[in-house]
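Visitor: I work with computed geometries, and I would enjoy a close look at one part of this model. Could you take me through the aromatic pairs?

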Amino acid sequence: MSTPDLNLLITLDALLDEGSVAGAARRLGLSPSAMSRALARLRETTGDPLLVRAGRGLVPTPRALLLREQVGRLVQEAEEVLRPRLEVDPARLERTFTLRASEGLVELFGAALLSRLAAEAPGVRLHFLAKPDKESGPLRSGELDFETGVISATTAPELRTQALFQDHFVAVVRPGHPLCDGPLTASRYAEARHVLVSRRGQPHSPV
């Protein structure tokens, strides 16, 4: 049995993450034709087309969707093994970190975080980006250094996560509202009239 070319894992990770031959080629510094040849080798090796044409773009096959998280995790672990381990001195560190977070979290913790950085890591700068969706693609590809969000079963397993806090919902009603009388149950809450504020412009909500 021949030894598999492990470089194909990096190529496969880039292809599945970018969803296009051109995008994966730019990410790995290859020409589109070289990436096309690499995709052909991957198809031959795995016995699966992996990415198939749909309109003007490419979509992953069911096998590719199953491989995506596993391949991403393997590539990240291999990079960590080969990366030299350095002791980081925050006081000497000079770097800009890109962080994607909701406006509310930045308002609550941004000032305190910047104050602490000024005292302990004055050479560090934070670049905050808006969080329009829950996709973890930019974090997996290295476009982001950190991201805040809800940890759930759909969170990519190769991402390192740490719980910061637990949030909860608060119901706001006018004085004398019928919901103030008696226990606030889910059914009573759902039957009441609501003001809906949708960040995504959707006409419906979980309520």
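**A close look at the aromatic pairs**

Guide: Let's begin with a single ring: phenylalanine 109 has a relative accessibility of 40%, so it counts as partly exposed, since that class lies between the 20% limit for buried and the 50% limit for exposed. Please keep in mind that this is a predicted model.

The partner of phenylalanine 109 is phenylalanine 165, which is also partly exposed, with a relative accessible area of 46%. A pair of aromatic rings is described by the distance of the centres and the angle of the planes. For phenylalanine 109 and phenylalanine 165, the distance is 5.7 Å centre to centre and the planes stand at 35°, a tilted arrangement. In sequence the two residues are 56 apart, so this pair links distant parts of the chain. Phenylalanine 109 belongs to helix α5, residues 103-120, while phenylalanine 165 sits in the loop between β5 and α7.

How many aromatic pairs does a search of the whole structure find? The search finds two. In the other one, phenylalanine 97 and phenylalanine 146 have ring centres 5.8 Å apart and planes at 50°, so this pair is tilted, the angle falling between the 30 degrees below which planes count as stacked and the 60 above which they count as edge-to-face. This pair joins strand to strand: phenylalanine 97 is in β3 (residues 95-100) and phenylalanine 146 in β5 (residues 146-147). Here 49 residues separate the partners, and again distant parts of the chain are linked.

Is each ring of this pair buried or partly exposed? Phenylalanine 97 is buried, because its relative accessible area of 14% is under the 20% limit. Phenylalanine 146, at 47%, is partly exposed.

Now for the setting of these pairs. The protein chain contains seven helices and five strands, and along the sequence they follow the pattern α-α-α-β-β-α-β-α-β-α-β-α. Of contacts between residues at least 6 apart in sequence, 54% join residues at least 24 apart. Buried residues, phenylalanine 97 being one of them, make up 23% of the 207 residues.

As for overall dimensions, the C-alpha trace spans about 75 × 50 × 30 Å along its principal axes. The radius of gyration is 23 Å, whereas a compact globule of 207 residues would have one near 17 Å. The chain exposes about 15,900 Å², with carbon and sulfur atoms supplying 56% of that area. Finally, a word on charge: there are 26 positive and 25 negative side chains, and the centres of these two sets lie 4 Å apart.

Definitions and conventions: Residues numbered from 1 in each chain as written. Predicted model: local features only at pLDDT ≥ 70, side-chain atom pairs only at ≥ 80, totals over all residues. Heavy atoms only, no water. Helix = DSSP H or I, 4+ residues; strand = E, 2+ residues; numbered from the N terminus. Rg over C-alpha atoms; globule rule 2.2 N^0.38 Å. Buried < 20%, exposed > 50% of the residue type's maximum accessible area, 1.4 Å probe, protein only. Contact = heavy atoms within 4.5 Å. Areas by Shrake-Rupley, 256 points an atom, 1.4 Å probe, with all protein chains shown as cover. Lys, Arg positive; Asp, Glu negative; His and termini not counted. Charge placed at Lys NZ, Arg CZ, Asp CG, Glu CD. Phe/Tyr/Trp six-rings, centres within 6.5 Å; stacked < 30°, edge-to-face > 60°.
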